[in-house]
Each structure stands twice: as C-alpha cells, then as structure tokens.
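Please work through the exercises below on a strand pairing, a sheet and a pocket. Each task is followed by a solution in steps.

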Amino acid sequence: MTDFVLQITDWYRQNARDLPWRRTKNAYFIWLSEVILQQTRVDQGMNYYLRFVDEFPTVTHLANADEEQVLKLWQGLGYYSRARNLHKTAKEVVERFNGEFPASHAELLSLKGIGPYTAAAIASFAFDLPHAVVDGNVYRVLSRYFGIDTPIDSTGGKKEFQLLADSLIPAAMPALFNQSVMEFGALYCTPANPNCESCIVRSSCPSGNGLYRSRPVKGKKTAVRDRYFHYFHIEENGTLLVRKRDFKDVWHNLYEFPMIETEGPELTEEQLAVFGLKTEQLIEQLSAKHVLSHQRIHAAFYRVSKPKMDAFEQFIKVDNEGLHKLPVHRLMSRYMEISGL
Ligand code: SF4
C-alpha cells in the first residue's frame with residue numbers, strides 16, 4: 001500500500017462524516033444515495049434520501065410506484081432525468097434480478113441506468129469488491145496529488161484517472177479507500193480553497209504551492225443556451241390550468257402552467273394570439289432565472305385576467321390541492337410559494 005493510501009485512509013478514519021448510507025451494506029440504499037448525491041450537496045440530499053428510504057423501503061416498492069409519485073418526492077432536487085432513470089432501473093432490478101441488486105460489477109453495469117461510477121460505488125460499498133470510484137472529488141484529489149494535467153473530460157483523461165485509481169485501491173479495503181478519497185476531496189482538498197497549509201500529504205503534493213488552482217484541467221467548455229419561457233397563471237372558479245411536459249425537453253413529465261417560449265425576452269401580441277390573449281390582460285408577477293447544466297431559463301409569470309377559456313381546451317383543470325399533488329419544476333414551485341397558491 002502506498003503512503004498516499006495509508007495517509008488518506010487514516011485521515012478518513014478520524015474525520016469522516018457520519019452519514020446514514022455509510023452505515024449500511026444494503027445495495028439498494030447505497031444506490032439511492034449515490035443517485036441522489038450526484039450534483040447535489042450532502043446537506044440538501046440527506047432529507048431526500050431519508051424520505052425515499054421511508055416511502056420506498058425496498059427496490060420493489062420503488063419499482064411498483066407511479067412515476068408521478070417518484071417525481072413528486074424528487075421535487076426540488078433538479079436534474080429530473082435522474083428520478084426517471086432511478087424508477088426505470090428499479091423496475092429492471094425487479095424484472096431481471098428478482099428485486100436484489102446483483103453482487104457483480106459486470107452485472108451492475110449491465111443495468112441500463114447504471115454507469116461505471118455508480119457500478120463501482122455499489123460494488124465496493126455494498127459488496128467490498130475492488131472497483132475504484134472516480135467522481136469529481138476523486139478527479140480533483142488525484143490530479144492535484146499526482147500532478148496530472150490531462151483534461152478530465154477527455155476520453156484519454158477518463159481512462160488515465162480510472163487506471164490510476166484502480167492501481168491504488170487496496171483489495172482488502174476497497175470501500176474504505178473509495179470513501180477516503182471522495183471525503184478528502186469533499187472536505188479538505190476542495191475546489192476553491194484547499195487547506196494546503198496543514199494538509200497531511202502536503203510534503204509529497206506538487207500542487208500545494210498554489211498549482212491546485214489549475215487542477216483538475218478541463219478541456220471543453222459547455223455552451224449554455226438562453227431560453228425564454230412565459231407562463232400564464234389562469235384561474236377560474238377555483239381551478240387552475242396546467243399541462244404535463246410529456247415531450248422530449250427539460251423537466252420531462254413535470255407539470256406547469258400554459259406557456260409560450262420565445263426567442264428573446266419579448267413577448268409579442270402575435271405570439272399571445274395563440275391563446276387569444278392581449279398584453280393588457282397580463283400582470284407580471286415574477287421574473288426569475290433558472291440555470292440548468294446547458295441552459296439558462298429566463299421565466300416570466302403573468303396573472304391573466306378574463307381569459308377566453310376555449311383557447312385552453314387542451315389543458316388540464318386542477319384545484320389548488322390537486323396542483324400541490326402534482327410534480328412540478330423549481331420555477332413553478334417558486335411561483336406557487338410567492339403567489340400563495
Ligand atoms: S496539498 Fe493542497 S492540493 Fe495537495 S492534496 Fe493537500 S489540499 Fe490538495
């Protein structure tokens with residue numbers, strides 16, 4: 001075992017956070033936590049994890065749930081494709097493996113919703129198999145400590161880091177090693193202000209002198225697209241109009257008010273005519289920006305007076321209670337909060 005592995009695992013034993021998914025060998029719970037924690041902070045993900053475990057105590061419970069129930073429980077976490085994949089994978093585990101996660105890395109990888117990272121996490125944490133996990137924290141720690149400047153988002157980079165992590169992982173304690181590097185990256189060798197001054201591996205780290213700022217190296221910049229959504233809050237006799245986003249786009253299968261998407265921030269009379277509306281019928285209530293991984297959504301919410309209801313025949317009518325039972329995206333829930341719906 002290398003000094004790095006010994007130092008990092010010692011550090012972990014003394015400094016690790018006590019988190020519920022670290023106290024279990026239940027592959028289903030471990031998988032749930034991994035999916036919830038992708039792109040989510042631990043403090044934010046914790047309540048979601050506890051609610052999912054409570055509502056769906058086994059993978060079979062989750063597989064048998066309605067997709068809407070799963071999306072509703074996921075509401076607020078974002079990246080909703082994760083929730084839909086979670087549900088699909090649960091069904092696959094029930095159909096192909098009788099409701100038990102397979103105890104082999106290859107079989108875990110054969111599940112459609114499980115990629116190399118999650119397969120390695122379940123294999124090592126639940127079944128103590130020597131597969132190294134490489135997430136954002138691991139890329140950061142390894143690139144800094146081993147001084148690697150290969151872009152982590154390149155095919156070559158991904159391979160190089162995976163090989164390095166696989167070569168470090170001790171067969172006798174794969175889970176401990178994986179947890180240690182991830183936790184060290186999350187708490188100590190952090191993106192912006194790593195604590196290099198008092199770092200336990202400082203003497204052998206080539207990045208402690210300030211070079212940490214340029215590591216890990218990322219190649220391509222993802223283009224971010226601006227989109228402009230105009231939402232209409234239409235209420236008549238205690239009912240509201242909504243639709244399900246059952247088409248291929250962001251927030252698939254979540255609910256929202258009738259809306260028009262425009263090329264720029266302006267909403268013209270011509271565009272409003274689609275719903276038989278005129279500008280003077282609209283009172284703007286909220287303008288908000290929501291940033292997704294590749295898109296910046298600029299949203300405006302308008303309260304509509306005297307709408308012609310026959311222009312909205314294709315929409316679903318719900319009362320306030322019904323609206324709260326539906327899975328909605330962050331912009332909708334924010335509007336519902338501020339408008340007292
Ligand atoms: S010395 Fe700094 S950059 Fe190197 S591992 Fe420690 S915290 Fe990270």
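**Exercise 1.** Determine in which sense strands β1 and β7 pair, and over how many bridges.

*Solution.* Step 1: locate the strands, which are DSSP runs (E, at least two residues) numbered from the N terminus; β1 covers residues 225-233 and β7 residues 295-304. Step 2: apply the pairing criterion, at least two bridges found by DSSP between two strands. β1 and β7 have nine bridges, in the parallel sense. Step 3: find a facing pair; histidine 233 stands opposite arginine 303 in β7.

This is a predicted model, in which local features need pLDDT of at least 70, side-chain atom pairs count only at pLDDT 80 or more, and totals for chains, interfaces and linings use all residues. Residues are numbered from 1 along each chain as its sequence is written, and side-chain values use heavy atoms, with hydrogens and water left out.

**Exercise 2.** State the strand order of the open sheet of four strands, and explain why β5 and β6 each have one side without a neighbour.

*Solution.* Step 1: the order is β5-β1-β7-β6, with mixed pairing. Step 2: β5 (259-262) and β6 (282-291) are at the edges and have a single partner strand each, so one side of each lacks a neighbour in the sheet.

**Exercise 3.** Explain why the second largest pocket lies between domain 1 and domain 2.

*Solution.* Step 1: take the domain bounds, which come from an automatic or database domain assignment: 3-214 for domain 1 and 225-338 for domain 2. Step 2: both domains give residues to the lining of the second largest pocket, so this pocket lies between them.
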